[in-house]
Amino acid sequence: MAARVLVEQPFEPALQHLLDSLECSPAAIRTPAWDVLAVNRAARVIQSYRGEEHFNILVSFFFRLDTGDRARLLHRKAVARVVVAQFRADAFRAGYGPRAQEVVASLIRSSDLFKQLWSDQEVDLKLEPVKTFALPGHG
């Protein structure tokens, strides 16, 4: 398992208030390299964030989730293909800077699935399968 990639950057407290006002919609503030700066409660419930305030969505998707969490995301491989393509689009739109390159290099070394999907060079796919979660006790 790769080490978690963390980032700390300042953001306006008003943005956290905006996130918190979206009570029923998972939301996050993130960088172009998908480093998360803040999330709301709905995102914490859906994604099972465990108190981390700063982490990387892509690294989290491929490694941080434990077996129980992975089992909750149905169609995981199809979703992973779209996630990688969307990350590629975001990272290159922002100039594919050093931080995005660091995240990609870490995942290529650590994840065969990521390595395969990254080499496919797909860009900005739309999510055809619906992200479906099985959340016992939450519906």
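Among contacts in the protein chain between residues at least 6 apart in sequence, what percentage join residues at least 24 apart? In this predicted model, the figure is 56%.

Some context on the chain. The protein chain has 139 residues, and 42% of them count as buried. About 7900 Å² is exposed, with carbon and sulfur atoms supplying 55% of that area. There are seven helices and five strands. In sequence order the pattern reads α-β-β-α-β-α-α-β-α-α-α-β.

I will start with the salt bridges. The count is six. Arg30 pairs with Asp90, and their closest N and O atoms are 2.9 Å apart. Arg30 sits in strand E1, residues 28-30, and Asp90 in helix H5, so this bridge ties together parts of the chain 60 residues apart in sequence. Arg30 is partly exposed at 38% relative accessible area, whereas Asp90 is buried at 18%. This pair also belongs to a network of salt bridges that links Arg30, Asp90 and Arg93.

Next, Asp35 and Arg99. Here the closest N and O atoms are 2.6 Å apart. Asp35 is in strand E2, residues 35-39, and Arg99 is in helix H6, with their positions 64 residues apart in sequence. Are these two buried or exposed? Both Asp35 and Arg99 are buried.

Then there is Glu122 with Arg81, a salt bridge at 2.8 Å, N to O. Glu122 is in the loop between H7 and E5, and Arg81 is in helix H5, 41 residues apart. Glu122 is partly exposed, at 27%, and Arg81 is partly exposed as well, at 26%.

Now the rings. There are seven aromatic pairs. One of them is Phe92 with Tyr96, which is stacked, with 4.4 Å between centres and 10° between planes. Phe92 counts as partly exposed, at 43% relative accessibility. Phe114 and Trp118 have ring centres 5.6 Å apart and planes at 20°, so this pair is stacked too. Why are these two about one helical turn apart? Because they are four residues apart in helix H7, which covers residues 112-119. Phe114 is buried at 0% relative accessibility, and Trp118 is buried at 11%.

Ring pairs join these residues into a cluster made up of Trp34, Phe61, Phe62, Phe87, Phe92, Tyr96, Phe114 and Trp118. Trp118 has a further partner: Arg88 lies over the face of its ring, 3.8 Å from the ring centre.

Staying with H7, which of its residues are buried? They are Leu113, Phe114, Leu117 and Trp118. These four cover an arc of only 125° around the axis, which puts them on the same side of H7.

Last, the backbone. Most residues other than glycine have a negative phi. Two residues here are worth a look on that account. Tyr96, from the stacked pair with Phe92, has a positive phi near 45°. Tyr96 is in the loop between helix H5, residues 76-93, and helix H6, residues 98-110. The other is Gln121, which is not a glycine but has a positive phi of about 60°. Gln121 follows H7 and lies in the loop between H7 and strand E5, residues 132-133. At 56% relative accessibility, Gln121 counts as exposed.

Methods
Residues numbered from 1 in each chain as written. Predicted model: local features only at pLDDT ≥ 70, side-chain atom pairs only at ≥ 80, totals over all residues. Heavy atoms only, no water. Phe/Tyr/Trp six-rings, centres within 6.5 Å; stacked < 30°, edge-to-face > 60°. Buried < 20%, exposed > 50% of the residue type's maximum accessible area, 1.4 Å probe, protein only. Lys NZ or Arg CZ within 6 Å of the ring centre and 35° of its normal. Contact = heavy atoms within 4.5 Å. Areas by Shrake-Rupley, 256 points an atom, 1.4 Å probe, with all protein chains shown as cover. Arc of directions from axis to C-beta. Salt bridge = Lys/Arg side-chain N within 4 Å of Asp/Glu carboxyl O.
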